[in-house]
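Hi,

Here is the structure I promised to pass on. Have a look at it first, and then read my notes below.

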Amino acid sequence: MRKARAKGSTPGVIYRAGEAAVAVGFDGAALSAIFRKSNDPNTIVHINLGGQNFPCLIREIQRNPLSRRVEHVDFHHVKPGERVRVRVAVTTSGRAAGVRAGGQLRLLARAVNLMCDSYQVPGSVNIDVTALETGRFIKASQLELPEGASIMFAQDFNVVTVEGKVK
């Protein structure tokens, strides 16, 4: 890894099911640019290695705590149709009934773990909170997910609520 950094490249590892991991070096600034453009950490990155194309999801990014520059990346090689576990952001839409009554909307889980096709990872899971009243919750099991996606949890948990006074 030190040798790769000394040459100006960022080290990484491609993990492939049933095969040995492959060490790679790449331009960290180019990877950061890809994420700024897509604004999605679950973007599939195509790595060309020895004339062979490896579509990969990023599993972990290590950054320098001061400069925030990418120092190391773990990639997971994916194939079309393969189901993968990903963490996806939660967003809300609409104005909750409890908010209209003076309450405050509170997002309890900013992201959820999904199992879905590697080439159909949603950018986010949207929750319509229009009917949500003060003191009520929307649970993970109640989320409307894209076709083919399933939520992963050991116990059902609250994702969003409205707190405040009931009028």
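**What I found**

Let me start with strand S8 (residues 111–117), which is mostly covered: five of its seven residues are buried. Keep in mind throughout that this is a predicted model.

S8 has two antiparallel partners that I'd like to point out. Strand S6 (residues 83–93) pairs with S8 over seven bridges, in the antiparallel sense. If you want a spot to click on there, Arg-87 has Asn-113 in S8 as its bridge partner. The other partner is strand S11 (residues 150–151), which is joined to S8 by two bridges, again antiparallel. In that pairing, Leu-114 stands opposite Ile-151 of S11.

**The nonpolar cores**

S6 and S8 turn up again once you look at the packing. The largest nonpolar core has 24 residues, and the members that touch the most others are Val-86, Ile-127 and Leu-143. At least two residues each come from S6, S8, strand S9 (124–128) and strand S12 (158–163). S6 gives the largest share, with four residues.

Which residues does Ile-127 touch, not counting those up to four places away in sequence? The list is Val-90, Thr-91, Thr-92, Ser-93, Ile-138, Leu-143, Val-159 and Val-160. Apart from this core lies another one, of 13 residues, including Ile-47, Cys-56, Ile-58 and Phe-75. As background, nonpolar side chains tend to be buried together in soluble globular proteins.

**The five-stranded sheet**

Next, the sheet. Five strands make up an open sheet with mixed pairing, in the order S2-S1-S5-S4-S3. At its edges are strand S2 (22–26) and strand S3 (45–49), each of which pairs on one side only. Ignoring direction, neighbouring strands here are turned by 40° against each other on average.

Helix H2 (residues 28–38) packs on this sheet and touches S1, S2, S3, strand S4 (52–63) and S5. The direction of H2 makes about 90° with that of S4.

For one pairing inside the sheet, take strand S1 (residues 10–15) and S2: they are antiparallel, with five bridges between them. Ile-14 stands opposite Val-22 in S2.

S5 (residues 70–77) is also the strand that holds His-72. Is His-72 buried or exposed? His-72 has a relative accessible area of 8%, so the residue counts as buried. Its side chain makes a polar contact of 3.0 Å with the side chain of Asp-74, which may be of interest when you look at that histidine.

**The cysteines**

I also checked for disulfides. How many disulfides does a search of the whole structure find? The search gives zero. Cys-56 is in no disulfide, and the nearest cysteine sulfur to its own belongs to Cys-116, 16 Å away. Looked at from the other end, Cys-116 is in no disulfide either, with the sulfur of Cys-56 as its nearest, at 16 Å. The cut-off for a disulfide is 2.5 Å between the sulfur atoms, so a pair 16 Å apart does not qualify.

Both of these cysteines are covered. Cys-56 is buried because its relative accessibility is 0%, and Cys-116 is buried because its value is 1%. Cys-56 is also one of the residues of the 13-residue core mentioned above.

That's all from me for now.

Cheers

Technical notes. Residues numbered from 1 in each chain as written. Predicted model: local features only at pLDDT ≥ 70, side-chain atom pairs only at ≥ 80, totals over all residues. Heavy atoms only, no water. Buried < 20%, exposed > 50% of the residue type's maximum accessible area, 1.4 Å probe, protein only. Polar contact = N/O pair within 3.5 Å; in protein donor to acceptor, adjacent residues only side chain to side chain. Pairing = 2+ DSSP bridges. Axes fitted to C-alpha atoms, helices over the stretch in contact; angles between N-to-C directions. Contact = heavy atoms within 4.5 Å. Core = buried A, V, L, I, M, F, W, Y, C linked by side-chain atoms within 4.5 Å.
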